[in-house]
Amino acid sequence: MDNCIFCKIVAGDIPSNKVYEDDKILCFRDIAPMAPVHLLVIPKEHIPSADHITNDNADIVAHIFATIPLIAKAEGISESGYRIITNHGDDARQSVKHLHFHVLAGKQLPENMG
Ligand code: AMP
């Protein structure tokens, strides 16, 4: 999709620090990490946010969640733990309108999520 920074990363038009890639999804390091490990896992297809997940595209979300444990193992964070977050809309401060799941780890994360 035009003007979507994550679509440009998928297309290779903008560089990323890639961690994992297959034909459907991409994982790369967040450019402004909020934890020692801060990954973003995205579908290659443009889905604006979690609010746009339907039965027709939910298979990609299942694939993302089936792949995150493999990525976590490779990152060495399975045992210590990690947090998965996705933001939708202004109140959640979603800044990139392409569905993405933050994977945060590497320290004891804050208790307060709101
Ligand atoms: P959100 O606020 O949930 O929409 O998260 C968007 C995330 O994308 C933020 O944590 C940004 O730091 C991150 N981000 C934006 N541009 C890039 C980029 N070019 N490469 C990696 N991460 C990015």
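This short talk goes through the core, the ligand site, the salt bridges and one surface patch of the structure above.

Before I start, please keep in mind that this is a predicted model, and that every value I mention is computed from it.

Let me begin on the inside. The largest nonpolar core has 17 residues, and among these Leu39, Val41, Ile64, Ile77 and Val103 touch the most other members. If you look for where the core comes from along the chain, you will find that β2 (25-29), β3 (37-43), α2 (58-75) and β5 (101-105) each supply at least two of its residues. Which of these elements gives the largest share of the core? That is helix α2, which contributes 6 residues.

Now to the ligand. There are 16 residues around it, and those that come nearest are Asp30, Asn87, Ser95, His100 and His102. Several polar backbone atoms of the protein face the ligand as well, and I would like to take them one at a time. A backbone N or O atom of Ser95 is 2.7 Å from an oxygen atom of the ligand, while a polar backbone atom of Arg93 is 3.1 Å from an oxygen atom of the ligand. For Ile31, the partner is a nitrogen atom of the ligand, and a backbone N or O atom of this residue lies 3.1 Å from it. How much of the ligand's accessible area does the protein cover? Taken on its own, the ligand has 500 Å² of accessible area, and the protein covers 85% of that.

Gln94 deserves a moment too. It is found in the loop between β4 and β5, and you may ask whether it is buried or exposed. Gln94 counts as buried because its relative accessible area is 7%, which is under the 20% cut-off. Its side chain reaches the backbone oxygen of Pro48, at a distance of 2.9 Å.

Next come the charged side chains. As a general point, side chains of opposite charge can pair when their charged atoms come close. A search of the whole structure finds 4 salt bridges, and I will describe some of them.

In one of them, the side chains of Glu21 and Lys44 meet at 2.8 Å, N to O. Glu21 lies in strand β1 (residues 18-21) and Lys44 in the loop between β3 and α2, so this pair ties together parts of the chain that are 23 residues apart in sequence. Both are partly exposed, with relative accessibility of 37% for Glu21 and 23% for Lys44.

Another salt bridge joins Glu75 and Arg29, again at 2.8 Å, N to O. Here Glu75 belongs to helix α2 and Arg29 to strand β2, so the pair ties together parts that are 46 residues apart in sequence. Glu75 is partly exposed at 22% relative accessibility, and Arg29 is partly exposed at 32%. I should add that salt bridges with shared partners join Lys18, Glu21 and Lys44 into one network.

In a further salt bridge, Lys24 meets Asp23 at 3.9 Å, N to O. Lys24 counts as partly exposed at 39% relative accessibility, whereas Asp23, at 61%, counts as exposed.

Let me finish on the outside of the protein. Phe65, Tyr82 and Ile84 make a nonpolar surface patch of about 230 Å². One of them, Ile84, lies in strand β4 (residues 82-85), and Ile84 is partly exposed, with a relative accessible area of 31%.

Technical notes:
Residues numbered from 1 in each chain as written. Predicted model: local features only at pLDDT ≥ 70, side-chain atom pairs only at ≥ 80, totals over all residues. Heavy atoms only, no water. Patch = residues over 30% accessible without salt bridge, like charges linked within 9 Å, V, L, I, M, F, W, Y side chains within 5 Å. Areas by Shrake-Rupley, 256 points an atom, 1.4 Å probe, with all protein chains shown as cover. Helix = DSSP H or I, 4+ residues; strand = E, 2+ residues; numbered from the N terminus. Buried < 20%, exposed > 50% of the residue type's maximum accessible area, 1.4 Å probe, protein only. Near = heavy atom within 4 Å. Polar contact = N/O pair within 3.5 Å; in protein donor to acceptor, adjacent residues only side chain to side chain. Core = buried A, V, L, I, M, F, W, Y, C linked by side-chain atoms within 4.5 Å.
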